[in-house]
Amino acid sequence: MATTEPVNVPGPATATPAAGRRRPPVVVAAVLLTIPTAALWLVAGLAFLVVTYRAEGDAKFLLWIIAFAILGLCLLLVFMTLAGMRIVWVGGPNMLRAPAGFTAGLLLVVLGGLLLFGKVEYHPTMLLPVVVGALAGLAVILLATPPARHWLAER
């Protein structure tokens, strides 16, 4: 007689790889520190569309092509950040390293360029990217600690 039991359905014990353990505080902090990174990339992509809309000139259609390409890249970074946060939260591989590392690396490149050319001045608009880049760099550092690596390696 055939049973009505589902075949190959994981039970509650195998639903998440780290179901029996507590999440380390460094993982929680790293995920929370990358929330501003996703928000900044979303705002940056939309802001470039607004700037393109307000632009004037003969070759405005070329700006629209560039604007949608930049919006696509920004949305890709937002998706990668949100997916990485979800994967790191449940204890999978460290998929948050790429978007957070890219944001922190971009900050370092910009600061290096400013220092190289001697154009370091304070403008209020510089504060948000500096803070978000520093938070993303801190998240990368936190995910490299032994408790976070152990949490991520349990999969």
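**Notebook: a helical model and its largest pocket**

I started with the largest pocket, which holds about 390 Å³ of space. A reminder to myself before going on: this is a predicted model.

**Entry 1: the pocket lining**

Which residues lie nearest the centre of the largest pocket? I found L40, L106, L128, P129 and V130 there, out of 16 residues that line the largest pocket. I then looked up where the lining comes from: α2 (35–54), α4 (97–117) and α5 (127–143) are the elements that give two or more residues to it. Helix α4 gives the most, with 6 residues. Next I sorted the lining by residue class and got 14 nonpolar, 2 polar and no charged residues.

**Entry 2: the overall fold**

I stepped back to look at the whole chain. The protein has 6 helices and 0 strands, so my list of elements from the N terminus reads α-α-α-α-α-α. I also checked burial: of the 155 residues, 27% count as buried.

**Entry 3: a nonpolar patch on the surface**

Which residues form the nonpolar patch on the surface? I noted L73, L76, F79 and M80, which together have about 400 Å² of accessible area. I picked L73 for a closer look and placed it in helix α3, residues 60–90. Is L73 buried or exposed? L73 counts as exposed because its relative accessible area is 56%, and the cut-off for exposed is over 50%.

**Entry 4: pairs that are distant in sequence**

Here I went through three pairs, looking up one partner of each in more detail.

*A39 and V78.* I found A39 in helix α2. A39 is partly exposed, because its relative accessibility is 40% and partly exposed covers the range between under 20% and over 50%. How far apart are A39 and V78 in space, C-alpha to C-alpha? I read 7.5 Å, for a pair that is 39 residues apart in sequence.

*P93 and A153.* My next stop was the loop between α3 and α4, where P93 lies. P93 has a relative accessible area of 39% and is therefore partly exposed. The C-alpha atoms of P93 and A153 are separated by 6.8 Å, and the two residues are 60 apart along the chain.

*V26 and A148.* Back towards the start of the chain, I placed V26 in helix α1, residues 25–33. Why does V26 count as partly exposed rather than buried? Its relative accessible area is 21%, and buried means under 20%, so V26 falls in the partly exposed class. V26 and A148 are 122 residues apart in sequence, yet I read 6.4 Å between their C-alpha atoms.

**Entry 5: notes to keep**

For my own index, I filed the pocket under its lining of 14 nonpolar and 2 polar residues, and the patch under L73, L76, F79 and M80.

Key:
Residues numbered from 1 in each chain as written. Predicted model: local features only at pLDDT ≥ 70, side-chain atom pairs only at ≥ 80, totals over all residues. Heavy atoms only, no water. Patch = residues over 30% accessible without salt bridge, like charges linked within 9 Å, V, L, I, M, F, W, Y side chains within 5 Å. Areas by Shrake-Rupley, 256 points an atom, 1.4 Å probe, with all protein chains shown as cover. Salt bridge = Lys/Arg side-chain N within 4 Å of Asp/Glu carboxyl O. Helix = DSSP H or I, 4+ residues; strand = E, 2+ residues; numbered from the N terminus. Buried < 20%, exposed > 50% of the residue type's maximum accessible area, 1.4 Å probe, protein only. 1 Å grid on protein atoms, 1.4 Å probe; cavity = no way out; pocket = protein on both sides within 12 Å on 5 of 7 lines; lining within 4 Å. Points joined across faces, edges and corners; volume = space filled by probe spheres on them. Nonpolar A, V, L, I, M, F, W, Y, C, P; charged D, E, K, R; others polar.
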